[in-house]
Amino acid sequence: MSAEFPVARPRRLRRTAPLRRMVAGTRLHPAELILPLFVKEGITEPHPVGSMPGVLQHTRDSLRKAAHEAAEAGVGGLILFGVPLHKDGRGSAADDPEGIVQLALADLAAEVGDALVLITDTCLDEYTDHGHCGLLTPAGEVDNDATLERYASAALAQARAGAQVIAPSGMMDGQVAAIRAALDGGGFPEIPILAYSAKFASGFYGPFREAAECAPQFGDRNAYQQDPAGPVGESLREVRLDLAEGADAVMIKPALAYLDILRQVRDVVEVPVAAYQVSGEYAMVEAAAANGWIDRERVIMESLVAIKRAGADLILTYWATEVARRLA
Ligand code: PBG
C-alpha cells in the first residue's frame, strides 16, 4: 500500500446504488407518516387552498376519498382539522356533536378506522371568531385556565365521534392534564394523547391559516406559542411537563427549522416523538418547484430524511400519501 493514497476510503460504500441502499442509516416508511386533512362545513365541492397547491378544503365526501387513498398507500394516520361555517367567541362548534369535525370523524371511523389512525387536532382557533386558540379575557388576552375546560370538552366530543388519538395544539399550560382527566372521566381511558409540546410561534404557519381560516383577527400568538429565540431548555421543559401530565407521545413543530430541538427531545424521552412539517415548509417547496428552481421530489425526500435523521419517529406531512406511494 502506498502512503501517497488514503487508506480509509468512505467512497467505497457510496459507489453503487445497491451499496448505498444497503448501508443507508435513515429509512422512511409509510406507516410513520401522518396526513393532515381539512374538512369544511357547507361546501359542495372541495376548495383548493391557494397557498398550498395540491391541498384541499374537503367536503365530507371528498375527505372520505382522500382518507381511502391515504390508507391504500399505507399512510400511518391522518390528523383532521375542521373549518366550521359559524364561529363565535367561545368556539362553540369545537365540541358540538353536530360540528363538522365530529360528523366527518364518524364517516372516517366507519370507513377507514381500521386501516389508519384517526387523530384530531384539539384547539379553538378554527372555531373562534377572533381566531385565537383560547377564550379571551375582557382585556383581550387568552385566558389559560378558562380555555382548558373548552379543550377538555372538545376532546371528549372528538373521542365520542370516533377520534382514536387526541392532539392538543393550543399551547395552554396544563392542557394535557385537563384533556387526560376529561377522557378518563368520560369513558375513554384508552385514547392516547399526542401533545404538541414544543410548538413555536412561527411564520411557517401562514398557509395553514388560509386552509383552516384561522388567522388571528388581532394580535398574534406570541403570548402562548414559544418564541423561536426563547430560553434554552424551554422545549424540554414543555415536553417534560406534558409527559408528567400524561402525554403518550410528543410533537415538535415546525420541523425543518427546529431539527436541533427534535434531536434534543429524542435523546431524552422514552415516548414516540413526532415532527410536523408545516404548511409553510410545504408551500416553499411547491412554490420553488413550480418556478423550476428546485427538483420537487428530490427536495421533498431530502427534507423528510433530514427530519427522520434528526430523531422523528412520526412525521406529519401534507405529502404523506404521495410519499407513501413512492416508498411502496
Ligand atoms: C392550531 C394549529 C396550527 C397549525 C396546526 N394546528 C396553526 C397555528 O398554530 O397558528 C399549523 C399547521 C401548519 O402550518 O401546517 N390549531
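# A walk through the predicted chain

The sulfur of Cys133 has its closest cysteine sulfur in Cys123, at 3.6 Å, and this is too far for a bond. The model in which this pair is seen is a predicted one, and every value in this text should be read with that in mind. Looked at from the other side, the sulfur of Cys123 has Cys133 as its closest cysteine partner, again at 3.6 Å and again too far for a bond, because a disulfide is counted when the two sulfur atoms lie within 2.5 Å. By this rule the chain has zero disulfides. Both cysteines are nevertheless withdrawn from the surface: Cys133 has a relative accessibility of 1% and counts as buried, while Cys123, with a relative accessible area of 2%, is buried as well.

From this pair one can step back to the chain as a whole, which is built from eleven helices and ten strands. For 328 residues, a compact globule would be expected to have a radius of gyration near 20 Å, and the 21 Å found for the chain agrees with that expectation. Along its principal axes, the C-alpha trace extends over about 80 × 45 × 40 Å. Of the 328 residues, 52% are buried, and the surface that the chain exposes comes to about 14,800 Å², with carbon and sulfur atoms supplying 54% of it. When contacts with a separation of 6 or more are considered, 74% of them join residues that stand 24 or more positions apart.

Helix 9, which runs through residues 279-290, is a useful element to follow more carefully. At 1.5 Å a residue, its twelve residues should span 16 Å, and the C-alpha atoms at its ends are indeed 16 Å apart, so expectation and model agree. How much of this helix is enclosed by the rest of the structure? Nine of its twelve residues are buried, and helix 9 is therefore largely enclosed. Among the buried residues are Ser279 and Gly280 at the beginning of the list, together with Tyr282, Val285 and Ala289. The cover over the buried residues of helix 9 includes helix 6 (206-211), strand 9 (273-276) and helix 10 (296-309). Just after the helix, Gly292 takes a positive phi of about 75°.

Within helix 9 sits Glu286, which is buried because its relative accessible area is 9%, below the 20% that marks the limit for burial. Leaving aside neighbours within four places in sequence, Glu286 is in contact with Pro53, Arg296 and Trp319. With the last of these there is also a polar contact, in which the side chain of Glu286 meets the side chain of Trp319 at 2.8 Å.

Helix 6, named above as part of the cover of helix 9, contains a glutamate of its own, Glu210. Is Glu210 buried or partly exposed? At 39% relative accessibility, Glu210 counts as partly exposed. Not counting residues up to four places away in sequence, Glu210 touches Val49, Gly50, Ser51 and Gln57. The side chain of Glu210 makes a polar contact with the side chain of Ser51, at 2.5 Å. Gly50 is 160 residues away from Glu210 along the chain, yet the C-alpha atoms of these two residues are separated by 8.0 Å.

The last stop is the backbone, where a few places in the loops deserve attention. Most residues other than glycine have a negative phi, and most peptide bonds are trans. Met171, although it is not a glycine, has a positive phi of about 60°; this residue lies in the loop between strand 6 (165-168) and helix 5 (175-185), and at 6% relative accessibility it counts as buried. Glu213 is likewise not a glycine and has a positive phi, of about 50°, in the loop that leads from helix 6 to helix 7 (234-244). With a relative accessibility of 34%, Glu213 counts as partly exposed.

As for the peptide bonds, the one from Lys253 to Pro254 is cis, with an omega near -10°. Pro254 belongs to the loop between strand 8 (249-253) and helix 8 (259-268).

Conventions:
Residues numbered from 1 in each chain as written. Predicted model: local features only at pLDDT ≥ 70, side-chain atom pairs only at ≥ 80, totals over all residues. Heavy atoms only, no water. Helix = DSSP H or I, 4+ residues; strand = E, 2+ residues; numbered from the N terminus. Expected span 1.5 Å × (residues − 1). Buried < 20%, exposed > 50% of the residue type's maximum accessible area, 1.4 Å probe, protein only. Contact = heavy atoms within 4.5 Å. Polar contact = N/O pair within 3.5 Å; in protein donor to acceptor, adjacent residues only side chain to side chain. Rg over C-alpha atoms; globule rule 2.2 N^0.38 Å. Areas by Shrake-Rupley, 256 points an atom, 1.4 Å probe, with all protein chains shown as cover.
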